[in-house]
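Q: I'm new to reading protein structures, and I'd like to zoom in on one part of this one. Please take it slowly and keep it friendly.

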Amino acid sequence: MTQDTKDVQPGQIGQSGHDGGYEQIAYAVADRVATITLDRPAARNGYTRQMADELAAALRAADADHAVRVVVLTGAGKDFCVGADLSAGSGKGQGFTQDVDDETARQIEEGTYQEPAGLVTRVLYAMNKPVIAAVRGAAVGVGSTMLLPADYRLAAHGTKFGFPFTRRGIVPEGASAWFLPRLVGLAKAMDWLVSGRIVPADEALDAGLVHSLHEPDDVLDAAYALARELVEHTAPVSVAVTRQLVYRMAWADSPDAVHRLDSRLVFDTVRGADAREGVRSFFERRAPQFPGRVPEDLPPYLPWRDGAARSSGKRSADDV
């Protein structure tokens with residue numbers, strides 16, 4: 001795993017990675033970890049529509065790649081992301097101030113338009129593989145909202161979070177009004193979203209937005225250490241199902257639906273090859289080699305998988 005932090009730099013390609021033709025992010029794979037880096041350090045990783053499209057594509061690529069077990073999301077330079085780059089110009093794929101074209105107007109009329117932050121949070125929410133965010137410097141606006149569907153958020157001391165939408169005359173994006181209360185509670189989310197104030201790292205940690213704080217030069221190494229633990233000790237199918245169970249079932253009206261689903265899942269998984277390997281490796285005192293693959297070996301009866309996903313073994317960002 002040291003290769004991830006020492007040998008794979010933004011813009012380079014890892015052992016089984018590829019650059020994907022990306023211009024505003026970097027994508028690399030090494031030691032079964034995909035590193036996706038916001039790569040506009042001169043603009044403090046200001047978010048553009050092109051960056052949104054590239055992030056969504058890279059996340060989908062990582063989720064579909066059998067060589068990838070965990071995704072690490074980070075930013076090049078001193079800041080993770082200072083928010084939308086409102087000065088990025090009106091060219092295609094840039095900025096958020098461009099004129100409305102006919103296609104966008106049609107989508108707005110039909111109710112199918114997706115704002116740029118939600119392009120990424122929808123993909124993150126639907127993923128089968130865990131995502132670890134390693135953040136330092138500023139993480140403001142979309143720099144905060146895109147982090148909410150990550151499974152782990154590690155931050156450097158001094159990181160500043162913020163949801164300043166009301167201070168710009170707009171509203172929260174990326175379904176943050178759904179994600180944030182589930183992470184930090186309704187009262188804290190209301191405070192942060194309504195006031196639009198900057199949230200220091202210590203407050204973010206106390207509220208549960210951040211899992212741990214590290215020195216700025218250590219936060220990425222901490223993310224890779226966590227990624228290594230997940231790669232070496234967890235079963236990919238179990239992780240994928242558990243991640244979605246929590247997201248989709250934790251706020252059901254009652255536990256009955258969860259009981260019905262996890263009863264069937266437990267019945268099936270304890271008789272499966274992954275469970276046999278998990279028990280065998282425990283008694284043999286070795287690292288497990290789980291044979292299950294994602295998405296092929298996901299149970300076909302998961303209620304959030306549509307017919308197309310069951311027949312093709314693939315999932316869509318729209319499968320939410």
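Among contacts in the chain between residues at least 6 apart in sequence, what percentage join residues at least 24 apart? After that, please give me a close look at strand 3 (residues 70-75) and what surrounds it.

A: Let's do the number before we zoom in. Keep in mind that this is a predicted model. Taking contacts between residues at least 6 apart in sequence, 69% join residues at least 24 apart. The chain has 320 residues, and 48% of them count as buried. Its secondary structure comes to 13 helices and nine strands.

Now for strand 3. Is it buried or exposed? Six of its six residues are buried, so strand 3 is largely enclosed by the rest of the structure. You can see how its residues are arranged by looking at which way they point. Val-70, Val-72 and Thr-74 point one way from the strand, while Val-71, Leu-73 and Gly-75 point the other way. Whichever way they point, all of these residues are buried.

What does strand 3 pair with? On one side there's strand 2 (residues 33-38), which runs parallel to strand 3 and is joined to it by six bridges. To find one of these pairings, look for Ile-36, whose bridge partner in strand 3 is Leu-73. Then there's strand 4 (residues 131-135), also parallel to strand 3, with three bridges joining the two. Here, try Val-72, which stands opposite Ile-132 in strand 4.

Let's step back to the sheet that strand 3 belongs to. This is an open sheet of six strands in the order 1-2-3-4-6-9, and its pairing is mixed. The edges are strand 1 (25-30) and strand 9 (212-214), each of which pairs on one side only. From one strand to the next, the twist averages 20°. Moving along from strand 4, you reach strand 6 (residues 152-156), and these two pair in the parallel sense over four bridges. In that pairing, Ala-133 has Arg-153 of strand 6 as its bridge partner.

A helix comes into the picture too. Strand 2, helix 2 (residues 49-64) and strand 3 together make a right-handed β-α-β unit. Helix 2 lies across strand 1, strand 2 and strand 3, running at about 15° to strand 1.

There's another sheet to look at as well. Three strands form an open sheet in the order 5-7-8, again with mixed pairing. Its edges are strand 5 (138-140) and strand 8 (198-200), each with a single partner strand, so one side of each has no neighbour in the sheet. Strand 7 (residues 160-162) and strand 8 run antiparallel and are joined by three bridges. One pairing to look for is Gly-162 with its bridge partner Ile-198 in strand 8.

Last stop: two helices. The axes of helix 4 (residues 116-126) and helix 10 (residues 236-249) come within 9 Å and cross at roughly 120°. That angle makes helix 4 oblique to helix 10. On helix 4, the contact is made by Leu-124, Tyr-125 and Ala-126, while helix 10 brings in Arg-243, Gln-244, Tyr-247 and Arg-248. Sorted by type, the residues of this contact are four nonpolar, one polar and two charged.

Terms used
Residues are numbered from 1 along each chain as its sequence is written. This is a predicted model: local features need pLDDT of at least 70, side-chain atom pairs count only at pLDDT 80 or more; totals for chains, interfaces and linings use all residues. Side-chain values use heavy atoms; hydrogens and water are left out. Axes are lines fitted to C-alpha atoms, for helices over the stretch in contact, and angles run from 0 to 180 degrees between N-to-C directions. Angles under 35 degrees count as roughly parallel, over 145 as roughly antiparallel, 65 to 115 as roughly perpendicular and the rest as oblique. Contact means heavy atoms within 4.5 Å. Ala, Val, Leu, Ile, Met, Phe, Trp, Tyr, Cys and Pro count as nonpolar, Asp, Glu, Lys and Arg as charged, and the others, Gly among them, as polar. Buried means under 20% relative accessible area, exposed over 50%, partly exposed in between (1.4 Å probe, protein chains only). Two strands pair if DSSP finds at least two bridges between them. A crossover is right-handed if, with the strands pointing away from the viewer, the path from the first strand over the helix to the second runs clockwise.
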